[in-house]
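Work through the following exercises with the sequence and the model side by side. Try each task before you read the solution below it.

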Amino acid sequence: MLKKYNKKSDVSYSIGVFPTIELLQNRGRAVLKVVISPKGHKNKGVEKIISLCKKIGVRVEESQKSIDFLSKSGNTYAIGVYKKFQSLLNAENNHLVLVNPEDMGNLGTICRSMLAFGFRDLAIIKPAVDVFNPKVCRASMGATFKINIEYLDSFEEYQEKFKRNLYMFMTDAKNSLSEVSFEEPYSLVFGSESAGLDPNFKDFGENVKIFQTSEVDSLNLAIAVGIALHKVAIGK
């Protein structure tokens with residue numbers, strides 16, 4: 001019987017057909033086994049999962065009890081069981097940096113947006129939400145298996161390890177996103193959902209703000225990151 005997710009464990013789960021397909025295709029060596037539901041035999045996604053498992057030598061088990069135990073959704077047909085893996089950032093690529101992100105849904109959405117706009121390297125500054133929590137994977141639709149994600153203990157550690165142009169996104173910045181030219185290699189830096197970036201981050205790089213009306217105090221983190229990623233992707 002599988003156990004509920006534990007942050008301290010070296011094992012996690014992809015819950016759902018599509019995230020499990022992404023897991024098998026992108027992190028196949030980390031997969032320990034796949035559990036499928038007896039209800040999913042006619043599901044094309046489940047058929048693809050079984051085919052992928054045969055191809056890479058991953059064991060498939062059938063257990064509705066395990067599915068129901070780990071998933072609150074009544075239509076979950078597959079769960080991938082995998083060992084947590086380490087993925088270091090590519091120093092030559094542009095990065096997204098999240099300082100102390102707190103929300104699992106936001107993190108998953110951000111990972112998916114990164115792929116949509118051509119980013120594959122995410123630095124997360126501790127303390128932070130656990131990217132291996134199945135809720136993050138589910139929100140990302142498996143995007144967490146396709147990008148490099150590296151945790152660092154402090155922003156200073158990140159600065160020491162990666163020498164590049166830094167763009168700090170802050171609501172009180174003077175420079176508007178529409179006016180900034182991003183010089184590669186660069187990092188887009190965002191603070192937490194509750195506090196944003198501390199004022200001392202202004203000294204670390206160019207400060208950038210995203211236009212918004214005064215009707216709200218700030219944008220949702222995932223929305224703000226998506227806007228920034230889209231802007232740099234289209235190069236305008």
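**Exercise 1.** In which loop is the place of asparagine 100? Find also what is unusual about its backbone, and do the same for methionine 141.

*Solution.* Before starting, note that this is a predicted model, in which local features need pLDDT of at least 70 and side-chain atom pairs count only at pLDDT 80 or more, while totals for chains, interfaces and linings use all residues. Residues are numbered from 1 along each chain as its sequence is written, and side-chain values use heavy atoms, with hydrogens and water left out.

Step one is to place the residue: asparagine 100 is in the loop between β5 (95-99) and α4 (104-116), where helices (H or I, at least four residues) and strands (E, at least two) are DSSP runs numbered from the N terminus. Step two is the backbone: phi of asparagine 100 is near 60 degrees, a positive value in a residue other than glycine. Most residues other than glycine have a negative phi. Step three is exposure: asparagine 100 counts as partly exposed because its relative accessibility is 26%, given that buried means under 20% relative accessible area, exposed over 50%, and partly exposed in between (1.4 Å probe, protein chains only).

Methionine 141, which is found in the loop between α5 and β7 (148-152), has a phi near 55 degrees, again a positive value in a residue other than glycine. With a relative accessible area of 26%, methionine 141 is partly exposed.

**Exercise 2.** Which residues does a cis peptide bond join at proline 127, and which at proline 185?

*Solution.* Begin with the general expectation that most peptide bonds are trans. Lysine 126 and proline 127 are joined by a cis peptide bond with omega about -5 degrees, and proline 127 is placed in the loop between β6 (121-125) and α5 (134-140). Glutamate 184 and proline 185 are likewise joined by a cis peptide bond, here with omega about -10 degrees, and proline 185 lies in the loop between β9 and β10.

**Exercise 3.** Is serine 66 buried or exposed, and is serine 178 buried or exposed?

*Solution.* Serine 66, whose place is in helix α3 (residues 64-70), counts as buried because its relative accessibility is 8%. Once its neighbours within four places in sequence are left aside, serine 66 is in contact (heavy atoms within 4.5 Å) with Met1, Leu2, Val35 and Ile79. Serine 178, in the loop between β9 (175-176) and β10 (186-190), counts as exposed, because its relative accessibility is 57%.

**Exercise 4.** Which residues touch the most other members of the largest nonpolar core?

*Solution.* First recall that a nonpolar core is a set of buried Ala, Val, Leu, Ile, Met, Phe, Trp, Tyr and Cys residues joined through side-chain atoms within 4.5 Å. The largest such core has 52 residues, and those touching the most other members are Leu96, Leu107, Leu122, Phe169, Phe182, Leu188 and Phe190. Helix α7 (residues 221-234) gives the most to this core, namely seven residues. A second, separate core of 16 residues includes Val97, Val99, Leu152 and Leu166. Turning back to leucine 96, and leaving aside its neighbours within four places in sequence, its contacts include Ile110, Met114, Phe119 and Val225.

**Exercise 5.** How many helices and strands are there in the protein chain, and what percentage of its residues is buried?

*Solution.* The protein chain has seven helices and eleven strands, and buried residues make up 50% of its 236 residues.
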